[in-house]
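Here are some short exercises to work through with the model open beside you. Try each task on your own before you read its solution.

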Amino acid sequence: MERIAKFEKVSEDRFVADYLDTFPEATREEATKIYGEINIPVRATKGSAGYDIHTTAECTLEPGESIKIPTGIRCRIREDYVLMLFPRSGLGFKYRLQLDNSVGVIDSDYYFSSNEGHIFVKITNDSRTGKTVVLKRGDRFAQGVFLQYGITEDDEADGVRDGGFNSTGS
């Protein structure tokens, strides 16, 4: 198995700022404590493709409700790979838990963004049977899978990223 990436925490300052921006009711002390408890994604078994990503916030999502979760992690990825994010399959199956952008795409150059490549995951409870999703801080709720990709023979992309959503243009 080829080793092509490394998960890391973002800096404490970055996480605290992003956490307080996302959850303004939280205190700096709470955000700092949560930072100390962030889990780096790992695979559960030798045969697992997905690296489990943990929540940094407790949440209860009624059907149709969403939440954006700052994970506190970033990922250094080899240039010809991408990290794809999905909901954990059990949550998708039981609750129709969805990522709001269907599949998260973390490009290798996102690591170098001014936000330190901080990965956020926005989820929605899309239950059609009235089920409520309850997640505790530290629960595994998403998974990341690394995939290799190719480019066209005439590709001449030379843009530089600085941010996440829509950072490379409309």
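**Exercise 1: The overall fold**

How many helices and how many strands are there in the protein chain? Then work out their order and judge the overall dimensions of this predicted model.

*Solution.*
- Step 1. The protein chain holds three helices and eleven strands.
- Step 2. Read from the N terminus, the order of these elements is β-α-α-β-β-β-β-β-α-β-β-β-β-β.
- Step 3. The protein chain has a radius of gyration of 16 Å, and the globule rule gives 15 Å for 170 residues; these values are close, so the chain is as compact as a globular protein of that length.
- Step 4. The C-alpha trace spans about 50 × 35 × 35 Å along its principal axes.
- Step 5. Of the 170 residues in the protein chain, 40% are buried.

**Exercise 2: A bridge between two strands**

Which side chain meets that of Arg-74 in a salt bridge? Find the elements that hold the two partners, and decide whether Arg-74 is buried or exposed.

*Solution.*
- Step 1. As a reminder, side chains of opposite charge can pair when their charged atoms come close.
- Step 2. The partner of Arg-74 is Glu-8, with an N to O distance of 3.9 Å; this fits the cut-off, which asks for a separation within 4 Å.
- Step 3. Arg-74 belongs to strand β5 (residues 73-77) and Glu-8 to strand β1 (residues 5-9), so the salt bridge ties together parts that lie 66 residues apart in sequence.
- Step 4. Arg-74 has a relative accessibility of 14%. Buried means under 20%, so Arg-74 counts as buried.

**Exercise 3: Salt bridges of Glu-37**

With which residue does Glu-37 form a salt bridge whose closest N and O atoms are 2.6 Å apart? Look for a further partner as well, then place these pairs in the wider count.

*Solution.*
- Step 1. At 2.6 Å, the partner is Lys-33.
- Step 2. Glu-37 also forms a salt bridge with Arg-137, where the closest N and O atoms are 3.6 Å apart.
- Step 3. The pair of Glu-37 and Arg-137 links distant parts of the chain, 100 residues apart: Glu-37 sits in the loop between α2 (28-36) and β2 (51-54), and Arg-137 in the loop between β10 (133-135) and β11.
- Step 4. Glu-37 is partly exposed, at 39% relative accessibility, and Arg-137 is partly exposed too, at 34%.
- Step 5. The count of salt bridges comes to eleven. Elsewhere, Glu-2, Arg-78 and Asp-80 are linked in a salt-bridge network.

**Exercise 4: Positive phi and surface charge**

Where does Ser-102 lie, and what is its phi? Repeat this for Glu-116, then find where Asp-154 is and which residues gather with it in a patch of negative charge.

*Solution.*
- Step 1. Ser-102 is in the loop between β7 (97-99) and β8 (104-107). Its phi is near 70 degrees, a positive value in a residue other than glycine.
- Step 2. With a relative accessible area of 55%, Ser-102 is exposed.
- Step 3. Glu-116, not a glycine either, has a positive phi of about 65 degrees and lies in the loop between β8 and β9 (120-125).
- Step 4. Asp-154 is found in the segment after β11 (140-148), and its relative accessibility of 61% counts as exposed.
- Step 5. On the surface, Asp-154 gathers with Glu-153, Asp-155, Glu-156 and Asp-158 in a patch of negative charge.

Technical notes:
Residues numbered from 1 in each chain as written. Predicted model: local features only at pLDDT ≥ 70, side-chain atom pairs only at ≥ 80, totals over all residues. Heavy atoms only, no water. Patch = residues over 30% accessible without salt bridge, like charges linked within 9 Å, V, L, I, M, F, W, Y side chains within 5 Å. Areas by Shrake-Rupley, 256 points an atom, 1.4 Å probe, with all protein chains shown as cover. Lys, Arg positive; Asp, Glu negative; His and termini not counted. Charge placed at Lys NZ, Arg CZ, Asp CG, Glu CD. Helix = DSSP H or I, 4+ residues; strand = E, 2+ residues; numbered from the N terminus. Buried < 20%, exposed > 50% of the residue type's maximum accessible area, 1.4 Å probe, protein only. Rg over C-alpha atoms; globule rule 2.2 N^0.38 Å.
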